[in-house]
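This report is written for a reader who is meeting the structure below for the first time. Please look through the sequence and the model before reading on.

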Amino acid sequence: MTPTQIKLVQDSFEQVVPIADQAAAMFYGRLFDIDPELRSLFKTDLSEQGRKLMTMIRTAVNGLNNLDAIVPAVQALGRRHVEYGVVDADYDSVGEALLWTLEQGLGEAFTSEVKEAWTQTYNLLAGAMKDAAAQVAAA
């Protein structure tokens with residue numbers, strides 16, 4: 001990722017923060033529209049899950065300038081997701097729901113450059129999670 005992409009992601013996420021609860025609800029609604037079977041993976045209250053999601057995204061976004069510091073936490077998250085029953089294909093649905101949510105929440109501010117920056121960010125972090133999950137599966 002380029003410094004410009006990192007700044008685009010960080011700046012655009014700051015616009016999401018004031019609507020974080022609404023964005024989380026939109027994200028899960030879209031995720032379950034895309035893949036209804038994923039609903040069974042969530043055993044807790046979705047409001048609380050949404051707050052955790054937004055906190056995790058904020059931490060990752062804020063850490064993009066120092067990937068070495070956040071990658072171990074992202075990998076640990078990927079390993080935990082194996083226990084929940086998450087498979088590689090689920091990451092595609094999550095990425096699609098995330099980009100849709102950002103597009104809805106940011107409106108015209110969700111430019112092609114912002115979309116590309118978020119796509120790069122998601123692919124990088126999801127890739128780290130999937131690689132860590134694969135190591136668990138192989139063990």
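What follows describes a pocket, a cavity, three helix contacts and one residue.

## The model and its largest pocket

The model is predicted, and all that is said here should be read with that in mind. The largest pocket has a volume of about 840 Å³. Of the 31 residues that line the largest pocket, those closest to its centre are Gln49, Leu53, Met56, Leu77 and His81.

Several helices share in this lining, for α2 (20-34), α3 (46-62), α4 (67-84), α5 (88-106) and α6 (112-138) each provide at least two of its residues. The greatest share comes from α3, which contributes seven residues to the lining of the largest pocket. Sorted by class, the lining of the largest pocket consists of 23 nonpolar, four polar and four charged residues.

## The enclosed cavity

Apart from the pocket, the structure contains one cavity of 30 Å³ or more, and the volume of the largest cavity is about 80 Å³. The largest cavity is lined by Phe13, Val16, Ile19, Ala23, Phe27, Met54, Ile57, Leu98, Thr101, Leu102, Gly105 and Trp118. Two or more residues of the lining of the largest cavity come from each of α1 (3-16), α2, α3 and α5.

Among these helices, α5 gives the most to the lining of the largest cavity, with four residues. Ten residues in the lining of the largest cavity are nonpolar and two are polar, while no charged residues are found there.

## How α2 packs against α5 and α3

The helices α2 and α5 pack at an angle of about 135 degrees, with their axes 8 Å apart, and are therefore oblique to each other. In passing α5, α2 makes a right-handed crossing. On the α2 side the contact is made by Ala23, Met26, Phe27, Arg30, Leu31 and Ile34, and on the α5 side by Ser93, Val94, Glu96, Ala97, Leu98, Trp100, Thr101, Gln104 and Gly105. The residues of the contact of α2 with α5 comprise nine nonpolar, four polar and two charged.

The axes of α2 and α3 come within 9 Å and cross at roughly 105 degrees, and the two helices are therefore roughly perpendicular to each other. Here α2 contributes Ala20, Asp21, Ala23, Ala24, Phe27, Tyr28 and Phe32, whereas α3 contributes Leu46, Gln49, Gly50, Arg51, Leu53 and Met54. By class, the contact of α2 with α3 has nine nonpolar, two polar and two charged residues.

## How α1 packs against α6

The axes of α1 and α6 come within 9 Å and cross at roughly 100 degrees, which makes α1 roughly perpendicular to α6. In this contact Gln5, Leu8, Val9, Ser12 and Phe13 of α1 meet Glu113, Val114, Glu116, Ala117, Trp118, Gln120 and Thr121 of α6. The residues of the contact of α1 with α6 divide into six nonpolar, four polar and two charged.

## A closer look at Gln49

Gln49 lies in helix α3, and Gln49 is also one of the residues closest to the centre of the largest pocket. When residues up to four places away in sequence are not counted, Gln49 touches Tyr28, Phe42 and Thr44. Of these partners, Tyr28 appears on the α2 side of the contact between α2 and α3.

A distance along the chain may be set beside a distance in space: Gln49 and Glu113 are 64 residues apart in sequence and 29 Å apart in space, taken from C-alpha to C-alpha.

Methods. Residues are numbered from 1 along each chain as its sequence is written. This is a predicted model: local features need pLDDT of at least 70, side-chain atom pairs count only at pLDDT 80 or more; totals for chains, interfaces and linings use all residues. Side-chain values use heavy atoms; hydrogens and water are left out. On a 1 Å grid over the protein atoms alone, a cavity is a set of points where a 1.4 Å probe fits but cannot get out, and a pocket is an open set with protein on both sides within 12 Å along at least five of seven lines; lining residues have an atom within 4 Å of a point. Grid points are joined across faces, edges and corners, and a volume is the space filled by probe spheres set on the points. Ala, Val, Leu, Ile, Met, Phe, Trp, Tyr, Cys and Pro count as nonpolar, Asp, Glu, Lys and Arg as charged, and the others, Gly among them, as polar. Axes are lines fitted to C-alpha atoms, for helices over the stretch in contact, and angles run from 0 to 180 degrees between N-to-C directions. Angles under 35 degrees count as roughly parallel, over 145 as roughly antiparallel, 65 to 115 as roughly perpendicular and the rest as oblique. A crossing is left-handed if the near helix is turned anticlockwise from the far one by less than a right angle, and right-handed if clockwise. Contact means heavy atoms within 4.5 Å.
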